[in-house]
Amino acid sequence: MKKKLIKYNFSTGNEPKYIVVHDTGNPGKGADADAHYRYFNGGNRNASAHYFVDDHSIIQTVEDINASWHCGDGKGQYGITNYNSIGIEICINSDGDYNKAVQNAIELVKFLMKKHNIPLDKVVRHYDASRKNCPGTMSSNNWEKWNWFKGQLKEEAAPASGLYRVRKSWDDAKSQVGAYKVLENAKAECDKNPGYSVFDEKGNKVYPLPSSAPEQPGETQPEQQLTLIMGKTEATAAQMASYA
């Protein structure tokens, strides 16, 4: 996953409670993730997303803690807004492998579900936020492809309890940068964020412990990595002519 943040088309402040899945609606050749990054970084487009996914890459264009402009057309009437969600756009360029792009999107959603403790029922379509027919590539046969997509995520749905949360303090829920089933993974995330601590489900601070107290025993486990289904060939990075 690459982070290439855009200079325009976002607002500060976001508390992710939903993951909203879109497709770009742009089948043009070369309209891959990098082409969309260049487009939205090129000026005011009045739209954006946090992540663009194609068959060989995932590009983050807006920080999770900021609001991308991906579902404002619903005006919050269905409870989903730009300020409580993360927007993911799946590229549908004709010279790419759409099925691999979808698989990469599944891996990204799993990663974000764990990072932000977002349950499966809060992984939604753009349609659920505004009634727009999006992701359009998944809407045929009464959203058959979307139902399959959601089915691939069931094993990642985390219970509400039993998680280790990484925050500045237990009362500062807005500062949370992750929630993990495995303590060692929570510790690893905490180490990346100075001033943060790990809390158990009851709000007890479990890491870092005072220097006089021994750390809790446990075999170190590697932090879960985001796996991409890599394409065998790279699509041409042509300038994107339009965005739907």
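Okay, let's start with helix H4: the cover over its buried residues includes strand S3 (18-23), strand S7 (85-90), H2, strand S8 (123-125) and helix H3 (126-130). Just so everyone knows, this is a predicted model.

So which residues of H4 are buried? They're Trp143, Trp146, Phe149 and Lys150. If you look down the axis of H4, those buried residues sit within an arc of 100 degrees, so they line one face of the helix. In general, an α-helix has 3.6 residues a turn, so residues three or four places apart point the same way. Over on the other side of H4, you've got Asn141 and Glu144, and they're exposed. I also looked at the length. H4 runs over residues 140-151, and at 1.5 Å a residue those 12 residues should span 16 Å; the end C-alpha atoms come out 17 Å apart, which agrees.

Now, H2 was on that cover list, so let's step into it. H2 covers residues 98-116, and asparagine 104 is part of it. Is asparagine 104 buried or exposed? It's buried, with a relative accessible area of 0%. Its side chain does have a polar atom 3.0 Å from the backbone oxygen of aspartate 54.

Next up, H1, residues 33-40. Seven of its eight residues are buried, so H1 is largely enclosed by the rest of the structure. The buried ones are Ala33, Asp34, Ala35, His36, Tyr37, Tyr39 and Phe40. And what covers them? Strand S4 (51-53) and strand S5 (58-60) are among the elements doing that. Take aspartate 34 as a close-up: leaving out residues up to four places away in sequence, it touches Lys4 and Ile59. Its C-alpha atom is also 9.0 Å from that of valine 53, with the two positions 19 residues apart along the chain.

Last bit, a sheet. There's an open one with four strands, in the order S10-S9-S11-S12, and the pairing is antiparallel. Why do S10 and S12 each have a side without a neighbour in the sheet? Strand S10 (178-180) and strand S12 (205-207) are at the edges with a single partner strand each, so one side of each is left open in that sense. On average, neighbouring strands here are turned by 35 degrees against each other, ignoring direction. In the middle of that order, strand S9 (residues 164-167) and strand S11 (residues 197-199) pair antiparallel over three bridges. If you want a spot to zoom in on, arginine 167 stands opposite serine 197 in S11.

That's my tour, thanks.

Definitions and conventions:
Residues numbered from 1 in each chain as written. Predicted model: local features only at pLDDT ≥ 70, side-chain atom pairs only at ≥ 80, totals over all residues. Heavy atoms only, no water. Pairing = 2+ DSSP bridges. Helix = DSSP H or I, 4+ residues; strand = E, 2+ residues; numbered from the N terminus. Axes fitted to C-alpha atoms, helices over the stretch in contact; angles between N-to-C directions. Buried < 20%, exposed > 50% of the residue type's maximum accessible area, 1.4 Å probe, protein only. Polar contact = N/O pair within 3.5 Å; in protein donor to acceptor, adjacent residues only side chain to side chain. Contact = heavy atoms within 4.5 Å. Expected span 1.5 Å × (residues − 1). Arc of directions from axis to C-beta.
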